[in-house]
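Trainee: Could you walk me through this model and show how each label is earned?
Mentor: Sure, let's take the labels one at a time and check them against their cut-offs.

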Amino acid sequence: MSDPTAAPYGHVEHVPVHFDDLDALGILHNARYAVLLERALTPYWAEHGVSFQGGPHSSPDVFHAVREFTITYRAPISGTGPVAVHFWLEHFGTTSARYAFQFRSVDGHTLHAEGTRAIVRLDPATMRPTAWTEAARTIAATLLRPAPVPA
């Protein structure tokens, strides 16, 4: 990534690593990657009107649960300061979605970790999967990774 604020698809959000995110070795604790991913996703969706601002949610699409989270650690994040979180959607189905993500240095040269996060939209009354709204589909389209062009 030559321009750390741009990506050919998806979005890059710079998220701060704080002192309390570090483990005893001074590197980002493994459990904090999920939190930092959430902190990268939240402002993107909030800028598009999907948030928990002022208490209630702004859209029924906010009501979803993480079904799966996978991560592979490549190089530790040492100390505090910003990290670039590049995320995109690999899939946006009827009731579920699958993000892919990378944690990179702000200059884009070091890949710290990569993985996926699958979510399912739930009906708050039944706690059963339910369809995304058209508004969510429109926003999600901005994050979808284009299909590879066959050679």
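**Labels and their cut-offs**

Mentor: Phe-103 has a relative accessible area of 0%, so Phe-103 is buried. Keep in mind that this is a predicted model.

Trainee: Why is Phe-101 called buried?
Mentor: Buried means under 20% relative accessible area. Phe-101 comes in at 1%, so Phe-101 counts as buried.

Trainee: How do you know that Tyr-33 is buried or exposed?
Mentor: Tyr-33 sits at 3% relative accessibility, and the cut-off for buried is under 20%, so Tyr-33 is buried.

Trainee: And what makes Tyr-73 partly exposed?
Mentor: The partly exposed class lies between buried, under 20%, and exposed, over 50%. Tyr-73 has 41%, so partly exposed is the label.

Trainee: Why is the pair of Phe-101 and Phe-103 called edge-to-face?
Mentor: Two tests here. Ring centres must lie within 6.5 Å to pair, and planes over 60 degrees apart count as edge-to-face. For Phe-101 and Phe-103 the centres are 5.8 Å apart and the planes stand at 90°, so both tests are passed.

Trainee: How many aromatic pairs does the structure hold?
Mentor: There are 8 aromatic pairs. One of them joins Tyr-33 and Tyr-73, with 5.1 Å between centres and 70° between planes, which is edge-to-face. Tyr-33 belongs to helix α1 (residues 32-47) and Tyr-73 to strand β2 (residues 64-73), so this pair ties together parts 40 residues apart in sequence.

Trainee: Which residues make up the aromatic cluster?
Mentor: Tyr-33, Phe-69, Tyr-73, Phe-101 and Phe-103 form one cluster.

Trainee: Let's zoom out. What pattern does the chain follow along the sequence?
Mentor: The pattern reads β-α-β-β-β-β-α, with 2 helices and 5 strands in the chain.

Trainee: What makes the chain as compact as a globular protein of that length?
Mentor: Its radius of gyration is 16 Å, and the globule rule gives 15 Å for 151 residues; the two are close, so the description holds. The C-alpha trace spans about 45 × 45 × 25 Å along its principal axes. Of the 151 residues, 36% count as buried.

Trainee: How much of the contact set links residues 24 or more positions apart?
Mentor: Such residues account for 64% of the contacts with a separation of 6 or more.

Trainee: Back to single residues. Why is Ser-96 called buried?
Mentor: Ser-96 has 18% relative accessibility, and buried needs under 20%, so Ser-96 makes the cut. You'll find Ser-96 in strand β4 (residues 96-104). Leaving out residues up to four places away in sequence, Ser-96 touches His-91, Ile-119, Val-120 and Trp-132.

Trainee: What about Pro-129: why is it called partly exposed?
Mentor: Pro-129 has 43%, which falls between 20% and 50%, so partly exposed fits. Pro-129 is in the loop between β5 and α2. Pro-129 touches Thr-95, Val-120, Arg-121 and Leu-122, again not counting residues up to four places away in sequence. From Pro-129 to Glu-114, 15 residues apart in sequence, the C-alpha to C-alpha distance is 27 Å.

Trainee: What makes the phi of Met-127 worth a remark?
Mentor: Most residues other than glycine have a negative phi. Met-127 is not a glycine, yet has a positive phi of about 60°. Met-127 is in the loop between β5 (111-121) and α2 (134-141).

Terms used
Residues are numbered from 1 along each chain as its sequence is written. This is a predicted model: local features need pLDDT of at least 70, side-chain atom pairs count only at pLDDT 80 or more; totals for chains, interfaces and linings use all residues. Side-chain values use heavy atoms; hydrogens and water are left out. Helices (H or I, at least four residues) and strands (E, at least two) are DSSP runs, numbered from the N terminus. The radius of gyration is taken over C-alpha atoms; the globule rule is 2.2 Å times the number of residues to the power 0.38. Buried means under 20% relative accessible area, exposed over 50%, partly exposed in between (1.4 Å probe, protein chains only). Contact means heavy atoms within 4.5 Å. Rings of Phe, Tyr and Trp (its six-membered ring) pair if their centres lie within 6.5 Å; planes under 30 degrees apart count as stacked, over 60 as edge-to-face and the rest as tilted.
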